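Reader: I'd like a close look at one small part of this thing rather than a grand tour. Pick a residue, walk me through its surroundings, and tell me how the chain around it is put together.

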Amino acid sequence: MERKRRAFLLALPTVLALLVFFLIPMVYILIKTLLVNGFADFTKFFTDPFYLNILWTTVRVSLISTLISLLLGYPAAYFIARTRSKLKNVMMIVILFPFLVSAVVRSYGWMVILGTNGILNQFLQGIGLLSQPLKILNTEAAVVIGMIHLLIPYMILSLVGVLQSIDPNVEYAAYSLGASPAKTFTKVVFPLSMPGIISGCVLVFTMSMTSYVTPKLLGGSKFRMMATMVVQEINVNFNWGAASAISYILLLTILAVQVAVVLSTSGYMKRMGGGKNA
Amino acid sequence: MREKRTGWFSCLIAVLVMIFLLAPLVVIVIASFTPTAVVTFPPKGFSLAWYANIFHSSTHFMEGLGNSLKIGLLATALDVLLGVTAALSICRYDFKGKNALLNYFTSPMYVPSVAFAFVLLQIYSQIGGVPGMLRLFIGHFVIILPYIVRNTVSVLHVFNWTLEDAATSLGANPVQVFFKIPIPLAKPGVLAGALLAFLYSFDEVALSSLLSTPRFITLPIRIMNYMELTFDPTLAAISTLLILGSLILIVLMEKFIGLDMFVK
């Protein structure tokens, strides 16, 4: 009993701080929005093609970014997890270092590279490959590039952890029993790394769905994703009802994705014997 | 036993990913030394003029840096207290609902910061007169708390608590036990969490751009505002300094706590 009381006392300040400054405001404003405007703003969102298009753009950019991050991040993570090179720590620093640099700075770097007068265009025109500058900045492609740059470290870190925990002897066993490298990968390594793939993808997808800086700086003024639209509704259109609806729809979308992933993978995780992140 | 553990394909992709990750940072550093207002490659000459421009009062970068440091350090300090006590309560004692409590402590992570910022904005406009720094501070301390809780829990949940009983039976008093056993053992997790939390606060944009008042603006917002008006290499110069700061942090981290803390 004494112990229970101590745990309670230790947890109390944090419980109260989150209650007062986080949970109560979140619930209070949701209820207030619904009481004042009812579901009008929510219905408007789901019936207006303008808003639906923003939701679809957000989901599309996030899916593409997640997929490319996985396709590039997996081999890179595999190499880092398995290499015996002395450079392994340097590689970890190279992965972690951009991850600690502000998203504004990283987007700025891509603006310098991808702009109409940017380095890429200067180079391509300089070697005579292009006569007209390529328009990449302020397109969806630029946003996807920036997003992958922002989020691929999360994917790699999730995967390195899981891949490191797979005993290389399991792979040797498969080889020695005559499995080809491709078969060893699809039958042994890939299934064992599933927990890392799932947690990495969920992380990258949700962060991409909610990202603000990258679409704002690399997408230009006409490119809209959910988070940038919330700010635009508040600061430009002064439409707080719409901003509320968009932010709660965004919140519910990412919660739904996470719940769906947990539910659909819990059976798989159990068969695979738990896994680190299960 | 085979010597070769990785194929050429994974090596190639790893190298390409690293080039991709470093490219914009390298470009920024080089661009910061160009003498011309438009960045050209290779740069025509060398100049430190843009660095001098950072300190020019019209950019407000130094003022913004001060504000960002203030918010980041204060929010991280408060959250180390809140986060470590919260993590200890979960890891030290066995009770029903431990997992629910952990999810509660980390719940701000699952809420888009722009949504939370807008909620706070509505609350502030109802109360009225909340000063600029407090408006940001409340938002920041909530959204960065999960990083400290999670990293501390990740080191404490593998911790053998019978060590505490051993120390007590050898005559240590409860205060000594607390500072000699769980605190040193939790240190790497707390440090890693505090560092991530501070950087998150320092780089945060969505929340700050909705909640800041004209009198209290953080550095990332100053940089973005500057970008909309002038796109000259002053931006590259301030960015280079921020990149340098991150580089120093990661080297210190590698030295003192190791990078394994970040591999989950």
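**A close look at B:Ser113**

Author: Sure. Keep in mind that this is a predicted model. Let's start wide: in chain B, 77% of the contacts with a separation of 6 or more are between residues 24 or more positions apart. The secondary structure there is twelve helices and zero strands, so to speak a plain α-α-α-α-α-α-α-α-α-α-α-α when you read along the sequence. The C-alpha atoms of chain B fit a box of roughly 70 × 70 × 30 Å along the principal axes, and 43% of its 264 residues count as buried.

Now zoom in. B:Ser113 sits in helix H5 of chain B, which covers residues 113–127. B:Ser113 counts as buried because it has 24 C-beta neighbours inside 10 Å, and the cut-off for that label is 20 or more. Leaving out residues up to four places away in sequence, B:Ser113 touches B:Ile143, B:Glu204, B:Ala206 and B:Leu207. There's also B:Gly139, 26 residues away along the chain, with 8.7 Å between its C-alpha atom and that of B:Ser113.

For contrast, hop over to chain A. A:Gln258 is part of helix H13, residues 240–271. A:Gln258 has 15 C-beta neighbours inside 10 Å, so it counts as partly exposed. Again setting aside residues up to four places away in sequence, A:Gln258 touches A:Val202 and A:Thr206, plus B:Tyr110 from chain B. A:Tyr175, on the other hand, is 83 residues from A:Gln258 in sequence and 36 Å from it in space, C-alpha to C-alpha.

Conventions. Residues are numbered from 1 along each chain as its sequence is written. Chains are lettered from A and ligands numbered from 1 in the order in which they are written. This is a predicted model: local features need pLDDT of at least 70, side-chain atom pairs count only at pLDDT 80 or more; totals for chains, interfaces and linings use all residues. Helices (H or I, at least four residues) and strands (E, at least two) are DSSP runs, numbered from the N terminus. A residue is buried if 20 or more other C-beta atoms lie within 10 Å of its own, exposed if 12 or fewer, and partly exposed in between; C-beta atoms are placed from the backbone. Two residues are in contact if their C-beta atoms, placed from the backbone, lie within 7 Å.
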